[in-house]
Amino acid sequence: MRADATEYELVSPGTLDGVLALLAEAPGMWTPMAGGTELMVQFGAGRLRARRLVNIFGLAELGGISVGAETIRIGAGVTYTELRQSPVIQAELPLLARAASWTGSIANQNRGTLGGNLVNGSPAADSPPALLAYEAEVVLVSRAGGERRVPYAAFHTGYKRTVLAAEELVLAVEVPRRQWTHGYLRKVGARQAQAISKVALGAVARCVEGRVEEARLGLASVAEAPFRCVATETALAGKRLGPELVEEARAALEGEIAPLDDIRSTARYRRQVAGNLLEEFLRQIMAAEGGMNDGA
Amino acid sequence: MTRLMMTVNGELRAVEAPPMTRLLDVLRLYLGLTGTKEGCGEGECGACSVIVNGLLVNSCLIPVGQVAGATICTVEGLGTPEQMHPIQASFLKHGGAQCGICTPGMMMAAVHLLEREPHPSLVQIQEALAGNLCRCTGYQKIFDAVRLAYAAGGEE
């Protein structure tokens with residue numbers, strides 16, 4: 001059934017304070033809407049339960065990408081187009097720029113926002129693997145509580161559930177400016193363009209003289225929510241690169257993920273492919289570090 | 001009901017509609033601009049593509065309450081039969097339209113690309129039009145029409 005627009009409200013306070021005041025007055029009554037690439041799909045299909053929407057698209061306080069001494073701050077209202085075109089994001093957070101470039105079509109990239117992608121909470125979303133690998137923090141804001149910070153790895157609490165309170169809004173995402181020697185991002189879907197992921201891996205590592213000092217790994221579509229692979233990171237830390245480490249890391253990864261069967265893929269396929277992506281990342285590092293690839 | 005103003009194809013228009021009314025419906029039903037088509041209604045097919053404040057969007061995914069004061073260009077704003085936009089002339093010349101449902105959206109996506117890159121590569125064209133589906137699968141001629149829109153004399 002097509003939705004009837006007369007049954008819905010949409011207000012545009014025009015300022016962050018105005019939006020937060022509305023959310024605080026009656027927590028849970030108003031649903032923020034940014035680019036509408038998720039909520040308007042539900043609306044069009046007559047499935048949008050929220051009846052009162054508050055427009056946050058284009059709010060100045062949610063916009064902009066700024067570079068500090070230690071972090072890069074990305075406003076929650078920054079669109080995929082802005083992300084992929086930003087010279088700072090391209091240079092310092094290339095995995096995020098790439099993820100933005102393969103999220104949906106150009107028209108959807110012009111509307112979809114980073115904050116919306118996180119709040120929507122899909123385990124298959126495109127920006128989370130990069131944000132997990134980069135150890136992003138989410139900045140939340142409410143009228144009564146002001147700002148609070150949550151590590152992005154702790155933002156999702158279950159399938160499409162997050163720590164965001166009803167009176168809160170995602171204000172920004174902050175990413176520490178760390179030096180990594182290697183990065184990797186690959187999405188496996190039904191086809192090359194505009195497919196929702198079956199599995200996606202975002203990964204960074206710092207390697208010195210054939211040894212992994214540190215690695216960070218984020219996976220999409222292998223759990224109820226985007227998943228940071230802490231056990232695998234631990235298995236890699238301080239270890240010498242080589243075929244043995246590839247096997248150890250694969251075993252650690254397969255031990256910590258619990259993918260599901262759904263319409264897009266099977267748990268068995270996802271487990272296998274997640275391991276393959278990790279192996280590809282490690283073999284790329286070995287090839288780049290020189291002569292360490294055993295040829296497999 | 002909300003009363004709002006927007007500039008559509010260069011003309012200031014007043015619209016009175018529930019703010020969650022899709023821009024697509026405002027264009028077609030309120031303003032009579034039926035060149036913009038509805039395909040999937042869920043942002044997958046691009047048939048409803050228009051340009052809002054210089055950016056390509058799917059008008060089925062935009063509530064009119066979000067475009068108060070905006071500048072909107074639809075296919076009707078590109079040109080006229082007598083004075084066609086180069087992309088329209090190129091679609092005509094190179095057989096870029098078959099059944100025609102995807103054509104307005106294809107041309108809006110093409111214009112969005114050509115304004116940034118007048119001489120795009122095939123890969124750039126393919127990416128720019130990837131959000132626009134052609135049910136006749138006439139993609140090759142559409143790519144040709146976009147590639148040759150600003151070519152000298154419209155030929156290779």
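This briefing introduces a nonpolar core and one helix that packs beside its neighbours. The structure is a predicted model. A good place to start is the largest nonpolar core, which has 138 residues. From there we turn to helix α10 of chain A, which covers residues 243-256.

**The nonpolar core**
- Residues with the most contacts inside the largest core are A:Leu96, A:Leu201, A:Leu219, A:Ala274 and B:Ala110.
- Leaving aside residues up to four places away in sequence, A:Leu219 touches A:Pro129, A:Val199, A:Ala200, A:Leu201, A:Phe227, A:Cys229, A:Ile257 and A:Ala274.
- In soluble globular proteins, nonpolar side chains tend to be buried together.

**Helix α10 of chain A and its two sides**
- With 14 residues at 1.5 Å a residue, α10(A) should span 20 Å, and this agrees with its end C-alpha atoms, which are 20 Å apart.
- The buried residues of α10(A) are A:Val246, A:Ala249, A:Arg250, A:Ala252, A:Leu253 and A:Glu256.
- These buried residues lie on the same side of α10(A), because they cover an arc of only 165° around the axis.
- Look to the other side of α10(A) and you will find A:Glu244, A:Glu247 and A:Gly255 exposed.

**How α10 meets its neighbours**
- The partners of the buried residues of α10(A) are α9 (230-236) and α11 (267-289) of chain A.
- The axes of α10(A) and α11(A) cross at roughly 145° and come within 9 Å, and the crossing is right-handed.
- Where these two helices meet, α10(A) contributes residues including A:Val246, A:Ala249 and A:Leu253, while α11(A) contributes residues including A:Ala274, A:Leu278 and A:Leu282.
- A:Ala274 links two of our topics: this residue is touched by A:Leu219, and it is among the α11(A) residues that meet α10(A).

Definitions and conventions. Residues are numbered from 1 along each chain as its sequence is written. Chains are lettered from A and ligands numbered from 1 in the order in which they are written. This is a predicted model: local features need pLDDT of at least 70, side-chain atom pairs count only at pLDDT 80 or more; totals for chains, interfaces and linings use all residues. A nonpolar core is a set of buried Ala, Val, Leu, Ile, Met, Phe, Trp, Tyr and Cys residues joined through C-beta atoms within 7 Å. A residue is buried if 20 or more other C-beta atoms lie within 10 Å of its own, exposed if 12 or fewer, and partly exposed in between; C-beta atoms are placed from the backbone. Two residues are in contact if their C-beta atoms, placed from the backbone, lie within 7 Å. Helices (H or I, at least four residues) and strands (E, at least two) are DSSP runs, numbered from the N terminus. The expected span of a helix is 1.5 Å times one less than its number of residues. The arc is that of the directions from the helix axis to the C-beta atoms. Axes are lines fitted to C-alpha atoms, for helices over the stretch in contact, and angles run from 0 to 180 degrees between N-to-C directions. A crossing is left-handed if the near helix is turned anticlockwise from the far one by less than a right angle, and right-handed if clockwise.
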